[in-house]
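This report describes the sheets, the largest pocket and some local features of one protein model. The sequence and the structure come first.

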Amino acid sequence: MPPRGESGRPAGPPPGGLKDVALRRPLPKAVLPEALPPQAQGRPVKPGGTPAPPAEGTRPPGGPRSGLGERVGPAPGPGAGQGGRGAEKGPEEALSGRQRLLKGVWPPRLTRAQLIVALLLFGLGLGLAIQVRSTNESSVLRGARQEDLVRILDELDSRTQRLQDEKRRLENQRTELENSSDQAEEARKQTLQKEQQLGVLAGTVAAQGPGITITIDDSRGSVESDMLLDTVQELRAAGAEAIQIGKVRVVAGTYFADSGGAIQIDGQKVTQPYVVKVIGKPEDLEPALNIPGGVVQSLEKEQATVSVRREKKIVVDALRSAKRPDYARSSSR
């Protein structure tokens, strides 16, 4: 017997008719289009094997439909049915490209091979730096001419010869003192000779002999006291026995100073041009000043004019008074 409604009449079909009844029935489980091969989805496949995206406005086949062919809901997105991996991005996918690059570069991960290569490169760089420095230090002699190198060698030979002569002279003096019948007279004679020599070195007596004269014309005032001191040191190293600058005798205790654009030697002002008289062997003194990077080139770099003249007789007549030491005493007994 058909069911009746509240008014006693037979209950009719529910509103909406058979269509609503069909919609209320459970739909069969739809097959996801992503699970099907691209050919089954109706999507063309590119030559590289990558399926082309579906054209706009088309419906993927196999989506859930109603009984009348209407689409019930949106097609499931990519990644659906795969455990939710496409639902949300991981922390690495949320980072930008620059952040991923920095994360891969820093902090650095050094391996043993990379550390060994770094040490080898450091050693190579250090060796190159040392080689460049040593090359720069010896660049003056590397760029020197053959004549300059020969002159330097001759100067070294002359210094060696002077030292050997001094050694032989001292040995002869010792032999004379040992073999002389009148040792007292020989000792007095040698004492007088030593006094003369020490008087020349101390500047207490005048001296004369062969040597050179140096004239330094500094019209721009660029020559300073340290340059004159370098000149004196170079002359002493070449065998100068007596030196006089202007009217000042240069001895072991001589000092140089700059004062108001002028140069003072032992407290006395020296005027331009600076004239330096030197007693010694001219063949040794002149090459010592003209070597590459020597005194003459250094003065010429300061726009000074330097002339060196050899002379057979030079008189050094500027004298200094012998000063008695206050504290130093002879240690000989």
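Which helices and strands each supply at least two residues of the lining of the largest pocket?

## The largest pocket

The model is a predicted one. In it, two helices, H7 (146-179) and H8 (183-202), each give at least two residues to the lining of the largest pocket, and so do the strands S1 (207-217), S2 (242-245) and S3 (248-250). H8 contributes the largest share, with six residues.

The volume of this pocket is about 630 Å³. Its lining counts 24 residues, and those closest to the centre are Gln197, Val200, Leu201, Ala240 and Glu241. Sorted by class, the lining holds twelve nonpolar, eight charged and four polar residues.

## The five-stranded sheet

Three of the strands that line the pocket, S1, S2 and S3, also belong to an open sheet of five strands. The order in this sheet is S3-S2-S7-S1-S8, and the pairing is antiparallel. S3 and S8 (305-316) are the edge strands; each has a single partner, so one side of each is left without a neighbour in the sheet. From one strand to the next, the twist averages 25°.

S1 and S7 run antiparallel and are joined by six bridges. Within this pair, Gly211 has Ile279 in S7 as its bridge partner. Helix H9 packs on the sheet and touches S1, S2, S3 and S7, with its direction at about 160° to that of S2. Helix H10 (residues 282-289) packs on the sheet as well, touching S1, S7 and S8. The direction of H10 makes about 20° with that of S1.

## The three-stranded sheet

How many strands form the open sheet that contains S4, and in what order? There are three, in the order S4-S5-S6, with antiparallel pairing. S4 (256-259) and S6 (268-270) stand at the edges with a single partner strand each, so one side of each has no neighbour in the sheet. Neighbouring strands here are turned against each other by 40° on average, direction ignored. Helix H9 (residues 225-237) packs on this sheet, where it touches S4 and S5, and its direction makes about 160° with that of S4. H9 is also the helix that touches S1, S2, S3 and S7 of the five-stranded sheet.

Four bridges join S4 to S5, and three join S5 (residues 262-265) to S6. Gln264 of S5 takes part on both sides: Ala257 stands opposite Gln264, and Gln264 stands opposite Lys269 in S6.

## Turns and backbone features

What separates S4 from S5, and which residue in the turn has a positive phi? The two strands form a hairpin with two residues between them, and Gly260 in the turn has a positive phi of about 60°. S5 and S6 likewise form a hairpin with two residues between them. In this second turn the residue with positive phi is Asp266, at about 55°. Asp266 lies in the loop between S5 and S6, and its positive phi occurs in a residue other than glycine.

The loop that follows S6 contains another backbone feature. The peptide bond from Gln272 to Pro273 is cis, with omega near -10°. Pro273 is found in the loop between S6 and S7 (274-279). S7 in turn belongs to the five-stranded sheet, between S2 and S1 in the strand order.

## Salt bridges

Side chains of opposite charge can pair when their charged atoms come close. The structure holds eight salt bridges. One of them links the side chains of Glu155 and Arg159, with an N to O distance of 2.7 Å. Glu155 and Arg159 both lie in H7, four residues apart, which is about one turn of the helix. H7 is also one of the helices that supply at least two residues of the lining of the largest pocket.

Methods
Residues are numbered from 1 along each chain as its sequence is written. This is a predicted model: local features need pLDDT of at least 70, side-chain atom pairs count only at pLDDT 80 or more; totals for chains, interfaces and linings use all residues. Side-chain values use heavy atoms; hydrogens and water are left out. On a 1 Å grid over the protein atoms alone, a cavity is a set of points where a 1.4 Å probe fits but cannot get out, and a pocket is an open set with protein on both sides within 12 Å along at least five of seven lines; lining residues have an atom within 4 Å of a point. Grid points are joined across faces, edges and corners, and a volume is the space filled by probe spheres set on the points. Ala, Val, Leu, Ile, Met, Phe, Trp, Tyr, Cys and Pro count as nonpolar, Asp, Glu, Lys and Arg as charged, and the others, Gly among them, as polar. Two strands pair if DSSP finds at least two bridges between them. Axes are lines fitted to C-alpha atoms, for helices over the stretch in contact, and angles run from 0 to 180 degrees between N-to-C directions. Contact means heavy atoms within 4.5 Å. A salt bridge is a side-chain nitrogen of Lys or Arg within 4 Å of a carboxyl oxygen of Asp or Glu.
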